[in-house]
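Thanks for coming. I will go through one model today, starting with the interface and then moving to single residues.

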Amino acid sequence: MEQTEHVLALLKQGDKRGLELLFRQFYKPLVMYATRYVPLQEDAEDIVQDVFVKLWETQRFELIERNLRSYLYQSVNNRCLDVLEKNKMVRVEVSDSLLGFTEADMPDDEEWNTRMDEIYAAVERLPERTREIFTAIVFQGKRYKDVADELGISVNTVKTTMSRALSALRNELTDRACVLLMLFV
Amino acid sequence: MPDRIEHIIEEAARRELSGEERRELEEWLASHPGERDIRDLWHYLEAGRIIRRYRAIDERKAWTKVDQRTTRRAAWASRVGRWRWWAAAAVILPVAVGIFWGISRWGTDAVKPVAVQEIKGGVTKAFFEMADGKVVSLEENQLKDIVSSSGTPLAKDSVNTLVVTAEKKEASELCRIWVPQGGEYQVVLADGTRVWINSESELRFPSVFTRAERVVELVGEAYFEVSRDTLHPFVVITGETSIRVLGTSFNVCSYKEDDFEQVTLAQGAVNVNYRSQKYRLEPGEQFELKKDGSKPVVREVNTDLYTSWKDGMFRFQDMPLDDLMQKLQRWYNIKYFFVHAACRDYRFTGAIRRDVDFREFVALMEKTTNVHFTINGNTVMISEK
């Protein structure tokens with residue numbers, strides 16, 4: 001059975017598990033979506049939580065039956081704009097980067113994980129030393145110099161290794177990494 | 001590469017670039033199409049930062065908050081609903097006290113999950129789907145009668161166990177129990193057979209067995225205690241095999257993403273059928289089929305290692321970390337990633353209760369080995385110390 005139908009069935013019975021399933025599927029992607037409007041992750045999380053609480057309180061599940069997902073994104077969108085207005089904050093980049101996006105492009109939690117797993121899997125296929133250096137810099141955000149010191153090698157070696165890693169990954173992944181970026185930067 | 005660009009690139013790993021920096025970098029890249037490494041590196045750094053941010057979102061903590069907020073509202077609404085507006089004046093004080101008490105209580109509840117970020121193992125929960133697609137959620141410690149849409153009583157949901165109570169053969173319908181990641185549930189079928197269903201697994205079965213054979217279908221892992229009925233053999237169908245028994249206890253592990261399928265016999269006797277070959281198992285034996293196409297093997301094993309999960313224990317002996325993490329992932333709802341491939345083959349032996357917090361488990365493993373676990377949200381990075 002489709003996850004959405006399943007969730008709707010539960011919601012209509014007043015079963016909170018429906019809300020929980022929906023939450024697990026969409027919470028993180030919605031927070032990422034909201035951080036494109038409101039810069040602070042904390043604010044973004046509050047906004048998304050409000051949307052879920054409100055959804056449960058109003059119990060208007062029949063009305064939103066057709067598209068639970070766009071209802072959620074639209075609500076987050078509206079709440080973000082409210083908050084921006086209230087705080088007289090407008091993020092300059094928002095209007096530009098939002099052009100051409102609809103919530104239909106936003107992946108849910110499962111797709112996020114699949115995409116991230118693809119990146120991790122490609123990185124796992126790199127030779128050991130290369131992977132270690134690449135992970136430290138890209139996934140852990142360390143500086144070239146710190147990585148060089150830790151491993152007792154020169155900064156130049158770190159640079160060459162990174163460049164080797166990048167060309168190994170190039171054919172496999174760049175497009176996908178770009179897609180991830182286009183949506184969320 | 002100018003120092004300025006190098007500086008921006010380095011910063012991209014640690015923080016979001018400003019619009020100005022971003023523009024500068026983009027312009028430089030546009031006028032230097034040959035610098036593919038720089039462009040890719042930038043993309044990866046951004047992706048890495050986004051992934052870190054995504055994984056750092058604490059969904060469990062957030063759900064606790066939403067759960068409390070929605071529970072509170074509902075209780076408040078029903079409490080007020082009982083009073084008529086004209087009686088309100090008389091009850092303002094007690095209600096106000098009630099709210100105050102309630103808030104302070106919720107206040108303390110809310111603090112707990114924030115203090116320690118725990119990664120708890122699964123709880124008993126599952127979903128039950130009837131032939132017409134109606135779904136009921138099964139929860140820990142609740143009692144509920146389940147009736148099909150035609151009005152026939154189907155089952156009772158009691159403590160952690162669904163008991164099928166359907167009797168009418170003519171009204172038999174196909175049902176499904178589905179246990180999500182981090183869950184576990186038991187079901188007692190119409191013939192009295194008891195099945196423990198592990199995380200991320202599903203079982204399809206008829207509400208009443210009407211055929212010459214009692215046939216059920218399994219995806220994932222389950223432990224069966226089949227009630228004896230020599231006239232009606234019990235058959236479990238999995239992805240690759242079918243298992244035929246008369247009355248016995250055995251474990252079947254058949255996850256789609258695992259590269260093996262295992263049937264482990266605790267008591268009695270079973271026949272495993274695979275591609276028209278029959279493999280007969282004696283107690284203490286295990287049938288293993290690797291999905292690489294090699295011939296299945298039957299060997300003697302310590303059955304405890306394969307069945308103890310149903311009693312709330314993880315047991316493993318000389319198990320490669322790779323396999324162990326695969327099991328833990330289903331139970332603790334985590335993702336993992338090996339930084340050093342050598343860690344995959346480190347072997348572990350031990351036993352631990354399944355209700356132990358994941359961090360505690362990891363701390364134990366770290367103490368005795370050369371492996372280091374970095375936990376970020378629900379992602380686990382595994383490296384050598």
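What is the area buried between chain A and chain B, and what part of that area do carbon and sulfur atoms give? Before the answer, the conventions. This is a predicted model, so local features need pLDDT of at least 70 and side-chain atom pairs count only at pLDDT 80 or more, while totals for chains, interfaces and linings use all residues. Residues are numbered from 1 along each chain as its sequence is written, chains are lettered from A and ligands numbered from 1 in the order in which they are written, and side-chain values use heavy atoms, with hydrogens and water left out.

Now the answer. The area buried between chain A and chain B is about 6,000 Å², and carbon and sulfur atoms give 58% of that. Buried area here is the accessible area, with a 1.4 Å probe, that two parts lose on being put together, summed over both. In residues, chain A puts 65 into the contact and chain B puts in 55, where contact means heavy atoms within 4.5 Å.

Next, the polar side of this interface. Between chain A and chain B there are twelve residue pairs in polar contact, both residues at pLDDT 80 or more. A polar contact is a pair of N or O atoms within 3.5 Å; within protein, one must be able to donate a hydrogen and the other to accept it, and residues adjacent in sequence count only if both atoms are side-chain atoms.

Which helices supply the side of chain A that touches chain B? At least two residues each come from α1 (3-12), α2 (16-34), α3 (41-58), α6 (109-124), α7 (128-139) and α9 (155-184) of chain A. Helices (H or I, at least four residues) and strands (E, at least two) are DSSP runs, numbered from the N terminus. The largest share is that of α9(A), with 13 residues. By class, this side of chain A has 32 nonpolar, twelve polar and 21 charged residues. Nonpolar covers Ala, Val, Leu, Ile, Met, Phe, Trp, Tyr, Cys and Pro, charged covers Asp, Glu, Lys and Arg, and the others, Gly among them, are polar.

On to salt bridges, each a side-chain nitrogen of Lys or Arg within 4 Å of a carboxyl oxygen of Asp or Glu. The count is 27 over all chains, and between chain A and chain B it is seven. One interchain pair is B:Glu59 with A:Arg24, at 2.8 Å from N to O. A:Asp50 also forms a salt bridge with B:Arg69, and their closest N and O atoms are 2.9 Å apart. That pair crosses from helix α3 of chain A to helix α4 (residues 59-81) of chain B. For accessibility, buried means under 20% relative accessible area, exposed over 50%, and partly exposed in between (1.4 Å probe, protein chains only). A:Asp50 is partly exposed at 23%, and B:Arg69 is partly exposed at 22%.

Now chain B alone. Chain B has eight helices and 24 strands, and 48% of its 385 residues count as buried. Among its contacts between residues at least 6 apart in sequence, 49% join residues at least 24 apart.

Where in chain B do B:Glu200 and B:Arg330 lie? B:Glu200 is in the loop between β9 (194-197) and β10 (201-206) and B:Arg330 is in helix α7 (residues 321-332), so the pair ties together parts 130 residues apart in sequence. Their salt bridge has its closest N and O atoms 3.9 Å apart. B:Arg330 is buried at 5%, whereas B:Glu200 is partly exposed at 33%. B:Glu200 also has a positive phi, near 55°, and is not a glycine. Most residues other than glycine have a negative phi. B:Ser276 is another non-glycine residue with a positive phi, about 60°. B:Ser276 sits in the loop between β16 (270-274) and β17 (277-281) of chain B and is exposed at 81%.

Back in helix α7 of chain B, there is B:Gln329, buried at 18%. Leaving out residues up to four places away in sequence, B:Gln329 touches B:Gln181, B:Ile334, B:Lys335 and B:Tyr336.

Last, disulfides. With a disulfide taken as a pair of cysteine sulfur atoms within 2.5 Å, the count over all chains is zero. As for cysteines, A:Cys80 is buried at 0% and B:Cys253 is buried at 2%.
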